[in-house]
Protein chains: 2
Amino acid sequence: MKRLGSQPDPDRRAPTMVDVAKLAEVSLATVSAVINDSAPVSADRKKRVLDAIRRVGYQTNAIARSLKTGSTKTIGLMIADITNPFFTAVIHSIQEVAYHHGYGVMLCCSDEDPEKERLHLRLMSDRMVDALIIATAGETPPLRALIDSRRKPVVLIDRLLDGVATDAVVIDNVAAARDAVRYLVSLGHRRIGLITGKSTLSTARERYQGYCQALAEAGIAIENALVGAARFGSADGYGAAMGLLSLAERPTAIFASNNLSGIGLMRGIKDSGLRCPADISVACFDDFEWADVFEPRLTTLVQPTRAIGAQAMAIVLEHLQDGGAQRSAARVVRMRAQLRIRDSCVMWPPPPGLST
Amino acid sequence: MKRLGSQPDPDRRAPTMVDVAKLAEVSLATVSAVINDSAPVSADRKKRVLDAIRRVGYQTNAIARSLKTGSTKTIGLMIADITNPFFTAVIHSIQEVAYHHGYGVMLCCSDEDPEKERLHLRLMSDRMVDALIIATAGETPPLRALIDSRRKPVVLIDRLLDGVATDAVVIDNVAAARDAVRYLVSLGHRRIGLITGKSTLSTARERYQGYCQALAEAGIAIENALVGAARFGSADGYGAAMGLLSLAERPTAIFASNNLSGIGLMRGIKDSGLRCPADISVACFDDFEWADVFEPRLTTLVQPTRAIGAQAMAIVLEHLQDGGAQRSAARVVRMRAQLRIRDSCVMWPPPPGLST
DNA sequence: TTGTAGGCGTTATCAT
DNA sequence: ATGATAACGCCTACAA
């Protein structure tokens with residue numbers, strides 16, 4: 001079937017610099033010079049070029065430019081779980097400063113699956129992103145190879161990788177978890193449960209460490225039965241919570257070491273017919289918009305999401321501007337999370353005469 | 001300062017096809033043929049090429065490929081508010097199917113700002129994305145121009161644009177809002193408040209319409225005082241809620257027409273010393289993971305986020321595969337949202353003898 | 001089956 | 001100040 005001549009041509013070639021050059025009656029080099037302001041051009045010709053650009057509707061072809069310059073002006077962002085408001089906030093911040101500096105962001109979600117991460121890494125690498133910011137789902141050989149090749153800046157966020165020489169921005173997880181558990185202890189709790197994440201994740205390990213430290217300080221022995229393994233997902237969190245809650249000697253407080261497991265925990269408490277905080281106190285990692293609008297208002301550890309993203313981008317930009325100058329030793333920036341005390345933790349044992 | 005010879009070369013050139021060809025002692029064309037499987041190659045030479053690829057660590061340079069083929073295999077995704085779990089879920093779904101078909105996703109957040117949207121549009125357009133999926137912050141001339149140029153597929157999601165000839169996938173907002181308000185009416189409510197979004201957004205307008213329809217059906221006059229204007233943000237929602245709640249004759253139920261304004265509403269109720277649902281019933285648009293783990297469990301309108309994303313990508317892929325065949329008339333796919341009844345709405349007036 | 005050569009749209013180096 | 005012209009890395013007729 002023939003194409004109808006009258007319809008708005010769906011696929012005419014996009015105008016290029018040569019179209020502009022022809023119309024303006026100047027050389028290609030001149031057009032390039034005015035576009036990039038890379039060489040002096042007489043006012044007269046400059047105006048002609050600018051006019052021509054407008055007339056033909058010329059737009060830079062960033063692909064061609066990238067091929068020539070070797071820079072795509074886009075950074076790759078790999079996130080383990082885009083469903084998690086913590087990451088969402090970080091993405092937002094990264095995308096904002098990236099754009100502000102003329103960079104685009106290519107997003108990939110590994111869904112906490114190292115295999116998917118591997119594949120996505122390849123996709124972004126092929127597309128020649130200038131740098132990568134990664135919240136990894138767990139180390140893979142290709143990731144390590146990528147970092148070791150030192151061909152492009154890689155900055156890790158949120159999760160660290162052991163013995164990998166690259167920059168990173170994370171929070172002080174042991175201090176954060178310690179703060180939360182210390183607080184629980186200060187309220188009188190002695191049987192404090194923990195819901196952890198996969199031990200392949202540095203965050204999970206560090207938070208576990210913080211939990212142990214706080215307990216040790218208080219002279220409380222750690223009981224394995226009180227730490228429930230989940231994988232930073234709400235379904236897992238639920239399972240772990242149910243385990244903890246059905247213990248013969250139930251914990252009086254539980255610390256959920258990320259926000260999704262916090263959901264699972266709250267759901268578990270509800271399904272067990274228990275009430276928070278009357279029957280059990282809860283603190284959890286990561287703050288979110290809803291944390292204070294329902295009952296109980298949740299006590300959380302709030303992470304500086306905006307700063308994490310901004311810092312990661314700052315490091316990336318620094319590398320990109322140094323143009324691959326010999327980078328100094330890998331540096332890991334540690335930020336602090338802050339305990340936001342609300343209503344989900346109460347004294348234990350409950351003071352007499354307190355209504356539920 | 002000289003570069004030290006011993007350090008791991010930070011910026012050696014990435015290997016290209018010619019490096020592979022040399023090592024394998026074949027021609028460039030042969031290498032290309034095996035990489036793209038675009039022509040028959042003898043087993044012997046194929047093996048040599050594959051080996052060489054591995055040995056030099058060759059990776060396709062998608063930029064160069066794109067320049068030649070005219071396709072970047074990446075789709076641009078513009079989202080109005082990445083902080084909103086609804087969009088987050090849609091992004092997730094889009095990115096998943098995109099990846100599954102070998103496409104990358106370039107993400108931009110307009111933050112509900114048409115001006116930012118304009119700028120980001122340009123950024124993605126320059127980078128030659130193959131298609132665009134847009135949850136627009138409001139129409140701008142460049143967006144309309146982009147669509148009218150018909151140079152690349154554009155599919156709108158969530159929000160429609162008046163009189164714009166392009167595909168879209170949205171939900172039936174009037175039906176959804178009508179369902180929610182009908183439900184409130186069926187519970188006995190007559191003074192039902194509404195928190196709307198910016199009237200430049202089709203979703204806000206349609207949801208308002210649904211609200212009006214349900215009221216009309218029930219023979220209830222609509223009172224302007226009962227509809228609070230917000231802009232789909234939680235702070236605005238809070239303001240609007242406070243207005244509604246301080247009315248001399250307070251509504252007995254409020255419908256928040258998106259999730260962020262729902263937060264604001266719940267916060268407002270709390271700050272007013274009111275309780276939900278005892279003092280006031282609440283229903284709101286968009287479901288989210290936390291909606292049922294706190295008190296009260298929220299009654300919401302759940303959107304088929306996964307399907308929305310998948311459908312949008314399906315349309316995009318269809319266009320991309322047709323290779324710009326004359327596309328039929330713009331088609332808008334309407335999906336249904338579903339009312340999920342939980343505990344935040346109760347009968348009015350309250351039956352006697354009901355404890356709070 | 002394999003190789004040669006031209007071009008995708010830019011940028012950048014060189015003469016002029 | 002301006003204009004040819006050669007890359008950038010890949011794909012693809014076309015020729016051998």
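**Close-up 1. Asn36(A) and its neighbours meet the phosphates of DNA strand C.** In this predicted model, a polar atom in the side chain of Asn36(A) sits 3.2 Å from a phosphate oxygen of strand C. Arg65(A) also uses a polar side-chain atom here, at 2.6 Å from a phosphate oxygen of DNA strand C. Met17(A) works through its backbone instead: one of its polar backbone atoms is 2.8 Å from a phosphate oxygen of DNA strand C. Helices α2 (28-36) and α4 (62-69) of chain A, along with α2 (28-36) and α4 (62-69) of chain B, are the elements giving two or more residues to the surface near this strand.

**Close-up 2. Here is the wider protein surface around DNA strand C.** Count 22 residues around this strand, with Met17(A), Tyr58(A), Arg65(A), Lys68(A) and Arg45(B) as the closest. Of the atoms of DNA strand C that come within 4 Å of the protein, 69% belong to sugar and phosphate. Sorted by class, the surface near DNA strand C holds 9 nonpolar, 9 polar and 4 charged residues.

**Close-up 3. Now for DNA strand D and the residues around it.** There are 20 of them, and the closest are Thr30(A), Pro40(A), Arg45(A), Tyr58(B) and Arg65(B). Sugar and phosphate make up 76% of the atoms of DNA strand D that come within 4 Å of the protein. Tyr58(B) has a polar side-chain atom 2.6 Å from a phosphate oxygen of DNA strand D, while Met17(B) brings a polar backbone atom to 2.7 Å from a phosphate oxygen of that strand. Look for a base contact too: an N or O atom in the side chain of Lys68(A) is 2.9 Å from a base nitrogen of DNA strand D. As for classes, the surface near DNA strand D has 9 nonpolar, 7 polar and 4 charged residues.

**Close-up 4. Chain A and chain B come together here.** In all, 71 residues of chain A touch 70 residues of chain B. The two chains bury about 6,400 Å² between them, with 57% of it on carbon and sulfur atoms. Ile63(A), Trp290(A) and Phe294(A) supply 12% of the area that chain A buries against chain B, more than any other three residues.

**Close-up 5. A salt bridge links Arg267(A) to Asp292(B).** Their closest N and O atoms are 2.9 Å apart. The count between chain A and chain B is 4 salt bridges. On the side of chain A that touches chain B, the elements supplying at least two residues each include α5 (85-100), β2 (104-109) and α11 (259-271). That side of chain A divides into 32 nonpolar, 20 polar and 19 charged residues.

Note on methods
Residues numbered from 1 in each chain as written. Chains lettered and ligands numbered in written order. Predicted model: local features only at pLDDT ≥ 70, side-chain atom pairs only at ≥ 80, totals over all residues. Heavy atoms only, no water. Near = heavy atom within 4 Å. Polar contact = N/O pair within 3.5 Å; in protein donor to acceptor, adjacent residues only side chain to side chain. Helix = DSSP H or I, 4+ residues; strand = E, 2+ residues; numbered from the N terminus. Nonpolar A, V, L, I, M, F, W, Y, C, P; charged D, E, K, R; others polar. Contact = heavy atoms within 4.5 Å. Buried area = accessible area lost by both parts, 1.4 Å probe. Salt bridge = Lys/Arg side-chain N within 4 Å of Asp/Glu carboxyl O.
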